[in-house]
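Reader: I have a structure to study and little practice. Can you teach me how to read its features step by step?

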Amino acid sequence: PVDPEPELPEESSIDWLSIGIMGGGAAIAIAGLGVDLGSQGLIDDHKKYSSDISTGSNEERRTKVAELEDDISTRKLVSIVLYGVGGAALATGVVLFVLRSGSEQEEQASYDLLPVVDAEGAGLRFNLRF
């Protein structure tokens, strides 16, 4: 009897979902860096209005300093959120990429993205099995 030829493993396809999540996370983190660096002008203005008496009357300076403090705190919050969401997406993409590329069998680690529609709205459900 002739032994059948052993089956060659199929070449793994590129995991575009993981790469997309990593790329999106990196883009969001870079956007956070842009917001963070872009707020430097507000900090400089805050220093100018809080220390330079030639910028106007005391009431005008207090008003301007209060507005700048609100803008600075808002931008600081936005940049922290963007860093957090970007970092989480980057980490999730790396974990998915490692799980998918490191698995020998398809049953070990798999995921699917399913549309969900109910009375409250529509969305996507992400299932990860490993």
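**Reading the model, feature by feature**

Author: Start with a small placement. Ile14 sits in the segment before helix H1 (16-38). Keep in mind that this is a predicted model.

Reader: How many helices and strands does the chain have?

Author: Begin with the overall layout. The chain holds three helices and two strands. Along the sequence they follow the pattern α-α-α-β-β.

Reader: What share of the 130 residues is buried?

Author: Buried residues make up 16% of the 130 residues in the chain. Buried here means under 20% relative accessible area. The accessible surface of the chain is about 9,800 Å². Carbon and sulfur atoms account for 60% of that surface.

Reader: Take a helix next. How far does H1 reach from its first C-alpha to its last?

Author: Compare the reach with the expected span. H1 has 23 residues and reaches 32 Å. That is close to the 33 Å expected at 1.5 Å a residue.

Reader: Which residues are buried in H1?

Author: In H1, Ser18, Gly25 and Gly32 are buried. Look at Ser18 in helix H1. Ser18 counts as buried because its relative accessibility is 0%. Now leave out residues up to four places away in sequence. Ser18 then touches Gly93, Leu96 and Phe97.

Reader: Which residues form the largest nonpolar core?

Author: First the general idea. In soluble globular proteins, nonpolar side chains tend to be buried together. Now the case here. The largest nonpolar core has five residues: Leu42, Tyr49, Val65, Leu68 and Ile72. Helix H2 (40-51) and helix H3 (58-102) are the elements that give two or more residues to this core. H3 gives the most, with three residues.

Reader: Pick one core residue. What does Tyr49 touch beyond four places in sequence?

Author: Tyr49 touches Thr55, Arg61, Lys64, Val65 and Leu68, not counting residues up to four places away.

Reader: Arg61 is in that list. Is Arg61 buried or exposed?

Author: Check the percentage. Arg61 has 13% relative accessibility, so Arg61 counts as buried. Arg61 belongs to helix H3. Its contacts, again without residues up to four places away, are Tyr49, Asp52, Ile53, Thr55 and Gly56.

Reader: Now charges. How many salt bridges does a search of the whole structure find?

Author: The idea comes first. Side chains of opposite charge can pair when their charged atoms come close. The search finds one salt bridge. Arg62 forms a salt bridge with Glu59. Their closest N and O atoms are 3.9 Å apart. The cut-off for a salt bridge is within 4 Å.

Reader: Why are Arg62 and Glu59 separated by about one helical turn?

Author: Count along the helix. Arg62 and Glu59 are three residues apart in helix H3, so about one helical turn separates them. Arg62 is exposed, and so is Glu59.

Reader: What about pairs far apart in sequence? What percentage of contacts between residues at least 6 apart join residues at least 24 apart?

Author: The figure is 54%. To see how sequence and space can differ, take some pairs. Leu82 lies in helix H3. Leu82 and Gly25 are 57 residues apart in sequence and 9.1 Å apart in space, C-alpha to C-alpha.

Reader: Which residues does Leu82 touch, not counting those up to four places away?

Author: Leu82 touches Ile28, Ala29, Ala31, Gly32 and Val35. Its relative accessible area is 22%, so Leu82 is partly exposed.

Reader: Where do Ala88 and Ala89 lie?

Author: Ala88 lies in helix H3. Ala89 is found in helix H3. Now read their accessibility. Ala88 is at 42%, so Ala88 counts as partly exposed. Ala89 is at 19%, so Ala89 counts as buried.

Reader: How far apart in space are Ala89 and Gly20?

Author: Their C-alpha atoms are separated by 9.6 Å, with their positions 69 residues apart along the chain. Ala89 touches Ile21, Met22 and Gly25, not counting residues up to four places away. Ala88 and Ala29 are 59 residues apart in sequence and 9.7 Å apart in space, C-alpha to C-alpha.

Reader: Last, the surface. Which residues make a nonpolar patch there?

Author: Ile14, Trp16, Ile19 and Phe97 make the patch. The area of this patch is about 410 Å². Ile14 brings us back to the segment before helix H1.

Key
Residues are numbered from 1 along each chain as its sequence is written. This is a predicted model: local features need pLDDT of at least 70, side-chain atom pairs count only at pLDDT 80 or more; totals for chains, interfaces and linings use all residues. Side-chain values use heavy atoms; hydrogens and water are left out. Patches are made of residues with over 30% relative accessible area and no salt bridge: like charges are joined within 9 Å, nonpolar side chains (Val, Leu, Ile, Met, Phe, Trp, Tyr) within 5 Å. Accessible areas come from the Shrake-Rupley method with a 1.4 Å probe; for residues, only the protein chains shown count as cover. A salt bridge is a side-chain nitrogen of Lys or Arg within 4 Å of a carboxyl oxygen of Asp or Glu. Helices (H or I, at least four residues) and strands (E, at least two) are DSSP runs, numbered from the N terminus. A nonpolar core is a set of buried Ala, Val, Leu, Ile, Met, Phe, Trp, Tyr and Cys residues joined through side-chain atoms within 4.5 Å. Buried means under 20% relative accessible area, exposed over 50%, partly exposed in between (1.4 Å probe, protein chains only). Contact means heavy atoms within 4.5 Å. The expected span of a helix is 1.5 Å times one less than its number of residues.
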